[in-house]
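Trainee: I have a structure to go through, and I keep stumbling over the labels. Could you take me through them and show how each one is earned?

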Amino acid sequence: GSSGSNSGDRCQVHSGWYAAAQSVTKQVKAEVRRLLKVFPRYSLKLTGHSLGAAIATISALNLHNADGGGGDQPQLFPQLVTFGSPRVGTRLFAQCFASSLQTSIRFTHRRDTVVHMVLPFRGYVHGCREAYEASGNTRFSSPEIRGCSTIACADGEDDPECAAQWDFLETNMADHNRYLGVGMYCDAVKY
C-alpha cells in the first residue's frame, strides 16, 4: 500500500517510511533513554538525509509522544534538521507535527529529485520550515540559503519560489547527493 497509519484516522505516513522508522524505533528509544540518564540537561536533535530524513521525522514525533521512551522522563521536544526529505505524510500528519514540534528545518537543494517524492496527488505533503539551497554548491563555494514562505505550507502547499519551482522531470540526483557543500554518498566505502 501507499500509506500506513501513524495514529488517528487520517494522520497517515507513507507505509515504506513508516516501516523503516518502526524497524529502528526500539533501538532509538532505548538509546535516548540511556543518553538522557547520562546527560539529563542535553537537548535531543535528530537529523537525516533522504530515507534517513523520513525516518528522523517520524521518530521525532514518536519520541515526543512517548515521553522520551520511559514514563519517568519528561516529555521530549526533539529538534529536527533534515536534508533531501521526501514527502512523509498527509496534511494532518504535517499539521500534527508542526503543532507538536516547533523546532524543525527541512533543507532542500535546487533540483533534488527526492524532495519531489511521493507525488502530492497521493495526498502527501511536506512539513513546513523549508530552507532552500539555491546555489550549485560545490565543495569550494559557500551555499546560498534562503528561507521559504510558511504561508503556503499551512495549506499543504510548497513555496513556489523554493524547491517546488522545479517540475519532477526537471530534477536530478546530483543535487540530492550534495548539501551545504558536503557529499551525501558513500563512494569510498568497500565491503
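Mentor: Happy to. Let's begin with patches: a nonpolar patch is built from residues with over 30% relative accessible area and no salt bridge, whose nonpolar side chains are joined within 5 Å. Keep in mind that this is a predicted model.

Trainee: Which residues make the nonpolar surface patch here?

Mentor: Met117, Leu119, Phe121, Phe168 and Leu169 make it, and the patch covers about 540 Å².

Trainee: What makes Met117 eligible, and is Met117 buried, exposed or partly exposed?

Mentor: The relative accessible area of Met117 is 33%. Patch members need over 30%, so Met117 clears that bar. Exposed would take over 50% and buried would take under 20%, so Met117 ends up partly exposed. You'll find Met117 in the loop between strand E6 (104–109) and strand E7 (124–125).

Trainee: Next, the cysteines. How do you know that Cys148 and Cys162 form a disulfide?

Mentor: Their sulfur atoms sit 2.0 Å apart. The cut-off is within 2.5 Å, so the pair qualifies as a disulfide. By this rule the count comes to one disulfide. As for handedness, the link of Cys148 and Cys162 is left-handed, with -110° about the S-S bond.

Trainee: What does the pair tie together?

Mentor: Both Cys148 and Cys162 lie in the loop between strand E9 (145–147) and helix H4 (173–176), so the disulfide ties together parts that are 14 residues apart in sequence.

Trainee: Why do Cys148 and Cys162 get the labels they do for accessibility?

Mentor: Cys148 has 12% relative accessibility and Cys162 has 1%. Buried means under 20%, so Cys148 counts as buried, and so does Cys162. Cys96 has a relative accessible area of 29%, which falls between the 20% and 50% limits, so Cys96 is called partly exposed.

Trainee: How many salt bridges does the structure hold?

Mentor: Five. One of them joins the side chains of Glu130 and Arg106.

Trainee: What makes Glu130 and Arg106 a salt bridge?

Mentor: Their N to O distance is 3.6 Å. The rule asks for a side-chain nitrogen of Lys or Arg within 4 Å of a carboxyl oxygen of Asp or Glu, so this pair passes. Glu130 lies in strand E8 (residues 130–133) and Arg106 in strand E6, so the bridge ties together parts that are 24 residues apart in sequence.

Trainee: How do you know that Asp158 and Arg106 form a salt bridge?

Mentor: By the same kind of check: N to O is 3.8 Å, and the limit is within 4 Å, so Asp158 and Arg106 qualify. The pair links distant parts of the chain, with Asp158 in the loop between E9 and H4 and Arg106 in strand E6, 52 residues apart.

Trainee: Why is Asp158 given its accessibility label, and why is Arg106 given its own?

Mentor: Asp158 has 19% relative accessibility and Arg106 has 8%. With the cut-off at under 20%, Asp158 counts as buried and Arg106 is buried.

Trainee: Which residue forms a salt bridge with Arg110?

Mentor: Asp175 does, with the closest N and O atoms 3.6 Å apart. Asp175 lies in helix H4 and Arg110 in the loop between E6 and E7, so the pair ties together parts that are 65 residues apart in sequence. Asp175, at 7% relative accessibility, counts as buried, whereas Arg110, at 27%, counts as partly exposed. Elsewhere, salt bridges that share partners join Arg87, Arg106, Glu130 and Asp158 into one network.

Trainee: Let's finish with His176. Is His176 buried or exposed?

Mentor: Its relative accessible area is 3%, and buried means under 20%, so His176 is buried. His176 is found in helix H4. Not counting residues up to four places away in sequence, His176 touches His49, Ser50, Gly84, Asp112, Val114 and Met184.

Trainee: And what makes Phe97 earn its accessibility label?

Mentor: At 7% relative accessibility, against a cut-off of under 20%, Phe97 counts as buried. Phe97 is in helix H3 (residues 91–100). Leaving aside neighbours within four places in sequence, the contacts of Phe97 are Thr57, Ala60, Leu61, Leu80 and Ser104.

Technical notes: Residues are numbered from 1 along each chain as its sequence is written. This is a predicted model: local features need pLDDT of at least 70, side-chain atom pairs count only at pLDDT 80 or more; totals for chains, interfaces and linings use all residues. Side-chain values use heavy atoms; hydrogens and water are left out. Helices (H or I, at least four residues) and strands (E, at least two) are DSSP runs, numbered from the N terminus. Buried means under 20% relative accessible area, exposed over 50%, partly exposed in between (1.4 Å probe, protein chains only). Patches are made of residues with over 30% relative accessible area and no salt bridge: like charges are joined within 9 Å, nonpolar side chains (Val, Leu, Ile, Met, Phe, Trp, Tyr) within 5 Å. Accessible areas come from the Shrake-Rupley method with a 1.4 Å probe; for residues, only the protein chains shown count as cover. Contact means heavy atoms within 4.5 Å.
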